[in-house]
Amino acid sequence: MRRHGRSQESEADARDGHPHRPPLRPRADPQAARLAAGGRMTPDAALSLQGSAGNAAFVAVQRMPRGGDNGEGPAEEKPMDGLSRLRRANERAEKRGQAAATLGQADSPFGAYTVNKGRGAGPYITSNVKHQHPGSESLGTTYEELVRALDAEHLPLVAQAARSGAELDEEILGSMDATQRRAATMLYGIMTQSEERRFPGAGKAMRSALTKQGDPYHEADEFEQDFPMGKVGGAQYYREVLAGKKQLSDKARKNLEDMSSSSSDEERSS
């Protein structure tokens, strides 16, 4: 995958306080991390508040009464672990239901793809050069091949495209060449048509994993660690996790914890 990185020398300059080279990945402040552990704010928000107003202001926020604790305002949603998020996403998707896949050509914001009958619950997604993506190069169908075909900034756009009612960044969309649009199309089709039918709720977990790929430090080969549905038996793995027969890996758990908890953040109908 083509990554927008920075040389070790440039990053060293940033760490030494070079005025025009802010660090790409700021060092975590242990105090902010401890304060954020109370569940009031995300670590990034903690660092921001700590930097602008100091620890005293952050502690004051931590000590404010939670909504619902004193009968005033709605109760604040408690943080959920990865297993709880996976279970809730699965239950919501099961409740919504999904019609049988319509075989044949389908469209995405990046171009057309083909929905074919698969071996299991999910259809098999393909694309071609002649009719759908003229000018594109030969492209594999594995997650690693598709993810590597895209720049870091493109992958969160694919995740965003699957959200109902989402508007895409036209500048980033316009920067993609024919091969990149084809790869994005394939990922979109797999996410919305195939994985969601193999395991209801998997689409949301896949969006979270694609969003992580927007970090230039997060490599393509980490995708299947974040989203184990990409491996053989991935859907069964998630089922066994819900049944208590297996445990989530650290990366899979963190990916689930990072995915959206909003019930309005759902897939486009497919």
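The exercises below, each with a worked solution, explore a predicted model of a protein chain.

**Exercise 1. The chain as a whole**

State how many helices and strands the chain has, and what share of its residues is buried.

*Solution.* Begin with the secondary structure, where the chain shows 13 helices and three strands. Turn next to burial: of the 270 residues in the chain, 40% are buried. The accessible surface of the chain comes to about 14,700 Å², and carbon and sulfur atoms account for 49% of that surface. Finally, look at the contacts between residues at least 6 apart in sequence, of which 63% join residues at least 24 apart.

**Exercise 2. Serine 136**

Determine whether serine 136 is buried or exposed, and describe its surroundings.

*Solution.* First locate the residue: serine 136 lies in the loop between β3 (124-126) and α6 (143-148). Then apply the cut-off, by which a residue is buried when its relative accessible area is under 20%. Serine 136 has a relative accessible area of 10%, and therefore it counts as buried. Its side chain reaches the backbone oxygen of histidine 133 at 2.7 Å. Once neighbours within four places in sequence are left aside, serine 136 is in contact with Val129, Ala178, Thr179 and Arg182.

**Exercise 3. Two helices with many buried residues**

Work out why helix α12 can be described as largely enclosed by the rest of the structure, and find how many residues of α10 are buried.

*Solution.* Helix α12 covers residues 234-242, and seven of these nine residues are buried, so the helix is largely enclosed by the rest of the structure. The buried residues of α12 are Gly234, Ala235, Tyr237, Tyr238, Glu240, Val241 and Leu242. To see what surrounds them, follow their packing, which is against α5 (82-96), α9, α10 (202-212) and α13 (250-258). After α12 comes glycine 244, whose phi is positive, near 80 degrees.

Now consider α10, which is mostly covered, with 10 of its 11 residues buried. Among these buried residues are the charged side chains of Lys204, Arg207 and Lys212.

**Exercise 4. The second largest pocket**

Describe the space in the second largest pocket and the residues that line it.

*Solution.* Start with the volume: about 490 Å³ of space lies in this pocket. Its lining consists of 19 residues, and those nearest the centre of the pocket are Pro123, Tyr124, Ser194, Glu195 and Arg198. Sorting the lining by class gives eight nonpolar, seven polar and four charged residues. As for the elements involved, β3 and α9 (178-198) each supply at least two lining residues, and the largest share, four residues, comes from α9.

**Exercise 5. Residues that are far apart in sequence**

Find the C-alpha separation between glycine 118 and serine 194, and between arginine 88 and glycine 201.

*Solution.* Take glycine 118 to begin with, which sits in the loop between β2 (111-116) and β3. Glycine 118 and serine 194 are 76 residues apart along the chain, while their C-alpha atoms are separated by 8.7 Å. Not counting residues up to four places away in sequence, glycine 118 touches Pro123 and Tyr124, both of which are also listed among the residues nearest the centre of the second largest pocket.

The other pair begins with arginine 88, found in helix α5. This arginine has 21% relative accessibility, so arginine 88 counts as partly exposed. Although arginine 88 and glycine 201 are 113 residues apart along the chain, their C-alpha atoms are separated by 8.3 Å.

Note on methods: Residues numbered from 1 in each chain as written. Predicted model: local features only at pLDDT ≥ 70, side-chain atom pairs only at ≥ 80, totals over all residues. Heavy atoms only, no water. Buried < 20%, exposed > 50% of the residue type's maximum accessible area, 1.4 Å probe, protein only. Contact = heavy atoms within 4.5 Å. Areas by Shrake-Rupley, 256 points an atom, 1.4 Å probe, with all protein chains shown as cover. Polar contact = N/O pair within 3.5 Å; in protein donor to acceptor, adjacent residues only side chain to side chain. 1 Å grid on protein atoms, 1.4 Å probe; cavity = no way out; pocket = protein on both sides within 12 Å on 5 of 7 lines; lining within 4 Å. Points joined across faces, edges and corners; volume = space filled by probe spheres on them.
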